[in-house]
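Thank you all for making the time this morning. I would like to walk you through one structure, slowly, and I will go from its interior to its charged pairs.

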Amino acid sequence: MPRRTDGGAAAARGRGGVRRSRRPAFALGLMSVGVAAFVVLIPSVSDACQPSTTTASDRVERATAAGADVLIIGDSYTAGRGSSDAHTGWAQLLTASEAWRSTIDGRPGTGYANAGAGNQSRNTYLPRIAAHADLDPDLVLVQGSQNDWVTSADALQQRVEATLRTAERQWPDAVVVAIGPSAPLPRADTTAGIDAAVAAGAHTVGVPYIDPNAAGWFTTVNSPAYAARDGEHLDDDGYRYMARRVGAALRGLGTASSECQAS
């Protein structure tokens, strides 16, 4: 079930801890960072660099600031499976370190197309995003999923596009970011096809894409130290590492936007 946390940062909220008014849900529709070692796909230069009263870097900075409202949708990595308490993954750790007010909806076994063990379609990412229509997030992170081997590459890409477009239409003022599948080696080697399909879907929609596989977050050197006993998930150190990498990649988004505007 989704959990709400302020990362222990009530004093840093800046909006008095008061939720902004709900905005009506929009109808459902169909829907790399070249900084350091992170790969993020952003809209084409002609799109990303258009003059605006609110710059892209301003939006990213505001969406990731302390006290920001953040929605995180994902699989067992977002749920924290493999950690010592089975509930503290990268999302919970990043929320605490960034002092966000987050709704974390991580469900093991699920993905853009994979409905999980119960095979309930409502557990896939698109309907879960729609179910959070009453929220008013500054930032929406959609993570994964390693589980999306259940469908073809073309079908998966279409599902990714529909999911991310729904998030953008539902929250037009939010920054939506997709985070690709991630896993310690050798598990990561099995997600290349999924990664390519999710990356293509995010690129088509124009949503920034953080690609752990392309960036080489998990290697033959660090994977043994970061993998949980099952070899599929991360342990506490692994999730702390992943949280740092995601945080740095998000900060890189703002840097990339600023560089674009200055060019």
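Let us begin with Leu250, which, once its neighbours within four places in sequence are left aside, is in contact with Val60, Thr64, Leu94, Trp100, Leu139, Leu141, Val177 and Ile210. Please keep in mind throughout that what we are looking at is a predicted model.

Leu250 belongs to the largest nonpolar core, a set of 32 residues, and together with Trp90, Leu139 and Leu141 it is among those with the most contacts inside that core. Several elements contribute to this core, since α2 (56–63), β2, α4 (90–98), β4, β5 and α10 (236–262) each supply at least two of its residues. The largest share, 8 residues, comes from α10. Apart from this core lies another one, of 24 residues, and among them you will find Leu135, Val140, Val142 and Val207.

Let me turn now to helix α6, which covers residues 153–170 and has 18 residues, reaching 26 Å from its first C-alpha to its last, which is close to the 26 Å expected at 1.5 Å a residue. Which residues of α6 are buried? They are Leu156, Val160, Glu161, Ala162, Thr163, Leu164, Thr166, Ala167 and Gln170, and what covers them includes α5 (125–131), β4 (139–143), β5 (175–179) and α7 (192–205).

You may have noticed a charged residue in that list, namely Glu161, which is buried with a relative accessible area of 12%. The side chain of Glu161 meets that of Arg165 in a salt bridge, at 3.6 Å from N to O, and both residues lie in helix α6, 4 residues apart, or about one turn of the helix. Arg165, for its part, is partly exposed, with a relative accessible area of 23%.

That brings us to the salt bridges in general, of which the structure holds 7. In one of them Asp69 pairs with Arg101, the closest N and O atoms being 3.0 Å apart. Asp69 lies in strand β2 and Arg101 in strand β3 (residues 101–106), so this pair ties together parts that are 32 residues apart in sequence. Both Asp69 and Arg101 are buried.

Another salt bridge joins the side chains of Asp237 and Arg240, at 2.4 Å from N to O, and here the two residues are 3 residues apart in helix α10, separated by about one helical turn. Asp237 is partly exposed, with a relative accessible area of 40%, and Arg240 also counts as partly exposed, at 41% relative accessibility. I should also mention that Asp105, Arg107 and Arg128 are linked in a network of salt bridges.

I would like to finish with Asp75, whose place is in the loop between β2 (69–74) and α3 (76–79). How far away is the nearest side chain of opposite charge to Asp75? That side chain is Arg187, and it is 8.1 Å away, with Asp75 being buried yet having no salt bridge. What the side chain of Asp75 does have is a polar contact of 3.3 Å with the side chain of Gln146. Leaving aside its neighbours within four places in sequence, Asp75 is in contact with a group of residues including Gly106, Arg107, Pro108, Thr110 and Tyr125, and also Gln143, Gly144, Ser145, Gln146 and Asn147.

Note on methods. Residues numbered from 1 in each chain as written. Predicted model: local features only at pLDDT ≥ 70, side-chain atom pairs only at ≥ 80, totals over all residues. Heavy atoms only, no water. Buried < 20%, exposed > 50% of the residue type's maximum accessible area, 1.4 Å probe, protein only. Lys, Arg positive; Asp, Glu negative; His and termini not counted. Salt bridge = Lys/Arg side-chain N within 4 Å of Asp/Glu carboxyl O. Polar contact = N/O pair within 3.5 Å; in protein donor to acceptor, adjacent residues only side chain to side chain. Contact = heavy atoms within 4.5 Å. Expected span 1.5 Å × (residues − 1). Core = buried A, V, L, I, M, F, W, Y, C linked by side-chain atoms within 4.5 Å.
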